[in-house]
Amino acid sequence: MRQTLEDLMYQEGIDVFGTSDVSSYVPEVFSKTPYAVTIGAVLSRAVIKAVKKGPTKNYFHHYRTANAFLDMCAFKCVVYLQRNGYEAVAIPASQTTNSAGIAADFSHKIAANLAGLGFVGKSGLFITDKFGPGVRFATVLTNLKLEGNAIGEPKCGDCNLCVAACPCGAIVGNMWKKGIARDDIVDASLCNRFMKDKFKMIGRGSVCGICIAVCPYCNNTNI
């Protein structure tokens, strides 16, 4: 089943695929679907390079298009699992559900990390081993038993390019480690407020992307 799912998702056009056991991380509402399928779509490097000094309208459109593509692929994954007798629920590529507008029902990064697809960087971004941070994700939770891989260790080293480039100072500069709070890596609330204040003319201030563009791994190069 796992191989069939992987083949199906790659046929749909996704670039990154992984599976994991997320039973220790899912909230109670998802307790009956403790396994995760992670799918990712690589963003255009040309579009990303253009946002080093700030987001562009082209990046916002590209961002939304990638999210819609992933949501459709996740929907097809859910349909396939259900037709084969399993429970499944898709976590959208980009949908915040808490009152502050900075968190979703479940973290794509947790599933991707447990799937061994890369590591969480100082920016708080998930940095894939193959494509760097320029990847959008969606997650499908299911009761089909799926194996994961070893959690990726951070590879940022002494690099602080994202810390220096963040226009509002939201990136703290700490290295990720298991159990660390997100606020100890990046102040998501500050980032959110700054985007809405400074970039309202672009997607109502919902995207930035500078930390992606400056990351050496965005070009799949070593630090």
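## Asn143 and its loop

Asn143 lies in the loop between β6 and α5. The model is a predicted one. Asn143 counts as partly exposed, because its relative accessibility is 32%. Setting aside neighbours within four places in sequence, Asn143 is in contact with Lys32, Thr33, Pro34, Tyr35, Tyr86 and Glu87. Val120 is 23 residues from Asn143 along the chain, and 26 Å separates the C-alpha atoms of the two.

Lys145 also belongs to the loop between β6 and α5, and α5 covers residues 161–165. Lys145 has a relative accessible area of 61%, so it is exposed. From Lys145 to Lys177 there are 32 residues along the chain, with 26 Å between their C-alpha atoms.

## Helix α3

Helix α3 runs over residues 57–83. It has 27 residues. From its first C-alpha to its last it reaches 39 Å, close to the 39 Å expected at 1.5 Å a residue. After α3 comes Gly85. The phi of Gly85 is positive, near 90 degrees.

Which residues of α3 are buried? They are Tyr59, Phe60, Tyr63, Ala66, Asn67, Leu70, Cys73, Ala74, Cys77, Val78 and Leu81. These buried residues pack against several elements. The helices among them are α1, α2 (45–49) and α7 (210–214). The strands are β2 (35–42), β3 (88–91) and β6 (135–142).

## How α1 meets α3

Helix α1 spans residues 2–12. Two packed helices are described by the angle between their axes and the distance between the axes. For α1 and α3, the axes come within 10 Å and cross at roughly 145 degrees. The crossing of α1 past α3 is right-handed.

On the α1 side, the contact is made by Thr4, Leu5, Leu8, Met9 and Glu12. On the α3 side, it is made by Phe69, Cys73, Lys76, Cys77, Tyr80 and Leu81. Eight residues of this contact are nonpolar, one is polar and two are charged. Cys73, Cys77 and Leu81 of α3 take part in the contact, and they are also buried.

## Val89 in strand β3

Val89 sits in strand β3. Is it buried, exposed or in between, and why? Val89 counts as partly exposed because its relative accessibility is 27%, and the partly exposed class starts at 20%.

Beyond neighbours within four places in sequence, Val89 is in contact with Phe30, Thr33, Val78, Thr139, Val140 and Leu141. Val78 is one of the buried residues of α3. Cys77 is 12 residues from Val89 in sequence and 9.2 Å away in space, C-alpha to C-alpha. Thr33 is in contact with Val89 and also with Asn143.

## Ala111 in helix α4

Ala111 has its place in helix α4, residues 108–114. Its relative accessible area is 0%, so Ala111 is buried. Apart from neighbours within four places in sequence, Ala111 is in contact with Ser20, Val22, Ala36, Thr38, Phe106 and Thr139. Thr139 is in contact with Val89 as well.

Gly205 is 94 residues from Ala111 in sequence. In space the two are 27 Å apart, C-alpha to C-alpha.

## Cysteines

How many disulfides does the structure hold? The number is zero. Cys168 is in no disulfide, and its nearest cysteine sulfur, that of Cys166, is 3.8 Å away. A disulfide needs the two sulfur atoms within 2.5 Å, so that pair does not count.

Cys218 is in no disulfide either. The nearest cysteine sulfur to Cys218 belongs to Cys215, at 6.8 Å. Cys218 is buried, because its relative accessible area is 5%.

Technical notes:
Residues are numbered from 1 along each chain as its sequence is written. This is a predicted model: local features need pLDDT of at least 70, side-chain atom pairs count only at pLDDT 80 or more; totals for chains, interfaces and linings use all residues. Side-chain values use heavy atoms; hydrogens and water are left out. Axes are lines fitted to C-alpha atoms, for helices over the stretch in contact, and angles run from 0 to 180 degrees between N-to-C directions. Helices (H or I, at least four residues) and strands (E, at least two) are DSSP runs, numbered from the N terminus. A crossing is left-handed if the near helix is turned anticlockwise from the far one by less than a right angle, and right-handed if clockwise. Contact means heavy atoms within 4.5 Å. Ala, Val, Leu, Ile, Met, Phe, Trp, Tyr, Cys and Pro count as nonpolar, Asp, Glu, Lys and Arg as charged, and the others, Gly among them, as polar. The expected span of a helix is 1.5 Å times one less than its number of residues. Buried means under 20% relative accessible area, exposed over 50%, partly exposed in between (1.4 Å probe, protein chains only).
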